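This report describes the fold and selected local features of one protein chain. The sequence and the model are shown first.

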Amino acid sequence: MIIYIDLLLNKLFKYRQSLGLSFFFFGAPIIYFLRDGLKLAPNSTAFTAALTIGSLLIAFPFNFKKLYQTNTFGYLLCIGYAILAIFYLAFYAPNRGWFTNTTVEAVYQIVILLSMFIFAGTSINALKDNFLQFSLIICLIGGLSLIYYIARNPLYVIGMRASISFSGDDAVSSMGNPHIYAKSAYAGVVAGMILLKTETRPLWRLFYLGSVAIMLLVVALCQAMAIILVTGIFFFIYNIANFKAHNIYKALKWIFGWQGILLFLLVSYGIYYLWENTRFDEYFINVSTIITERLERIVTSLFDTETASTVRLAGDESASTRVTNITDLFKNINERIEDGEWFSVIFGNGYHHKYIDSPIFQTLNDLGIMGFVIFTVLHIVLLLWVWKEAFNPTCNFTLFVAYTFLVTVIQNFTMGMPYDYPRWTVMIFVARFALNYKKIPKTPQSEPVLASS
């Protein structure tokens, strides 16, 4: 027994960085399920921080003197933005006590700086073989925990956005945060699709297919429009990048073979059974109607500000308010330019000056042109690498990092604060590995590795 425990501990130690970082990025649904779903620590910020930061510390490098190559320009932009944010937090935060809780914000910045060091001290060769597997399992557990929660929640009504309610008395707590679960589910979809591409073992292929199906169900249940949009973009780019006549032939051969026919019959029977014996038809029609209406109204709010001001259905108010805030921001900038107030235009109005609900435009308002340029150029640098990886991937790990970064890009336009550590740790992680790697040939004694790791 001791031998097996020792073997397990050695395996966990060997894969600790992959396990720690995958949980750090995608383990939030599990944390909230344990915290509020199972009531282990209702609404406890300390519980969330302990598991989140603890998972990051699991990946802490032991060799303090060895730092790996990063995307130098991208990393410098991340460092520059962090220094700017810390300076503004200390000396230029006019709304301290309103938007700005100095202690919490300082912890955010410490996590951001700590992650810079940990990522730079982590080799790609420590992640490229098992990071996707750990990420998929963590995302799958998180998705299943959400499905379990809503299945046992008597207050859940068909058509509601699926989420685990926070243990609070306000309206936001009762709703929870569906974006957390949708984001993790999207990462599970990407991991499953990438692993499925190179997997040949039938049982593992079936596991990956089932995992992707469950994750897509979670995305649909959460009704997070930004994640639904990113999921569509992912499948579009993924199929374009992998478009080969030979693959089409293989797919058609499989579909019209006995496996495809058997799967078609099983799926058809399953849908028929659900449709006739459950309320699946009602759920499908309701969700389809809700998603269609919300997409139409969000598009309207983006392109017709007059109509947007009248949009006040559930889930659409944030979109119309965001457009109003952005419009007011540019009007305010024009007025300041006309009045010759160039200082506030260049250097901004201060840390968390106004909640705009669009991080990139809030950067322009809070940190001025200086912060906005850093934020924008960083996105351009990283997106160029993402495009290159999508069509010429270095390995499954870098391809996964590239595709999951798309969520952060969309959310940097659509929701949240620009200073949040979940946002910046993702961008720092991508900047760490956004390199042009060269493969070192395999030797009889070793596996192939990646240079510039």
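The text below moves from the whole chain to its core and then to individual helices and loops.

**Overall architecture**

The model is predicted. Its secondary structure consists of 20 helices and 2 strands. The chain has 453 residues, and 45% of them count as buried. Among contacts with a separation of 6 or more, 72% involve residues 24 or more positions apart. The accessible surface of the chain is about 23600 Å², and carbon and sulfur atoms contribute 69% of that area.

The structure contains 0 disulfides. Two cysteines may be noted in this context. Cys78 is buried, with a relative accessible area of 1%. Cys395 is also buried, at a relative accessible area of 17%.

**The nonpolar core**

In soluble globular proteins, nonpolar side chains tend to be buried together. In this model, the largest nonpolar core comprises 108 residues. The residues with the most contacts inside this core are Phe119, Phe131, Tyr186, Phe397, Phe400, Tyr403 and Phe429. Helix 9 (residues 178–198) supplies the largest share of the core, with 13 residues.

Phe131 illustrates how parts of the chain that are separated in sequence come into contact. Leaving out residues up to four places away in sequence, Phe131 touches Ser18, Leu21, Ser22, Phe25 and Phe26. The contacts of Phe131 also include Phe397, Phe400 and Phe429, and these three are listed among the residues with the most contacts inside the core.

**A buried glutamate in helix 6**

Glu105 lies in helix 6, which covers residues 102–120. Is this glutamate buried or exposed? Glu105 is buried, because its relative accessible area is 6%, under the 20% cut-off. Not counting residues up to four places away in sequence, Glu105 touches Leu89, Phe99, Thr100, Tyr351, His352 and Tyr419.

**The bend in helix 18**

Helix 18 (residues 359–391) has 33 residues. A straight helix would reach 48 Å at 1.5 Å a residue, yet the end C-alpha atoms of helix 18 are only 29 Å apart. Where does helix 18 bend? The bend is at Leu367 and amounts to about 140 degrees.

**Loop residues**

Three loop residues are compared below by location and relative accessible area.

| Residue | Loop | Relative accessible area |
|---|---|---|
| Asn43 | between helix 3 (28–37) and helix 4 (45–58) | 38%, partly exposed |
| Asp357 | between helix 17 (342–347) and helix 18 | 11%, buried |
| Gly176 | between helix 8 (171–175) and helix 9 | 12%, buried |

Asn43 is not a glycine, but has a positive phi of about 55 degrees. Asp357, likewise a residue other than glycine, has a positive phi near 70 degrees. Asn43 is partly exposed, whereas Asp357 is buried.

Gly176 is found in the loop that leads to helix 9, the helix with the largest share of the nonpolar core. The C-alpha atom of Gly176 is separated by 8.6 Å from that of Ala162, 14 residues apart along the chain. Leaving aside neighbours within four places in sequence, Gly176 is in contact with Ser163, Ile164, Ser165 and Phe166.

Technical notes
Residues numbered from 1 in each chain as written. Predicted model: local features only at pLDDT ≥ 70, side-chain atom pairs only at ≥ 80, totals over all residues. Heavy atoms only, no water. Helix = DSSP H or I, 4+ residues; strand = E, 2+ residues; numbered from the N terminus. Buried < 20%, exposed > 50% of the residue type's maximum accessible area, 1.4 Å probe, protein only. Contact = heavy atoms within 4.5 Å. Areas by Shrake-Rupley, 256 points an atom, 1.4 Å probe, with all protein chains shown as cover. Disulfide = S-S within 2.5 Å. Core = buried A, V, L, I, M, F, W, Y, C linked by side-chain atoms within 4.5 Å. Expected span 1.5 Å × (residues − 1). Bend = angle between axes of the 7 residues up to and from the residue.
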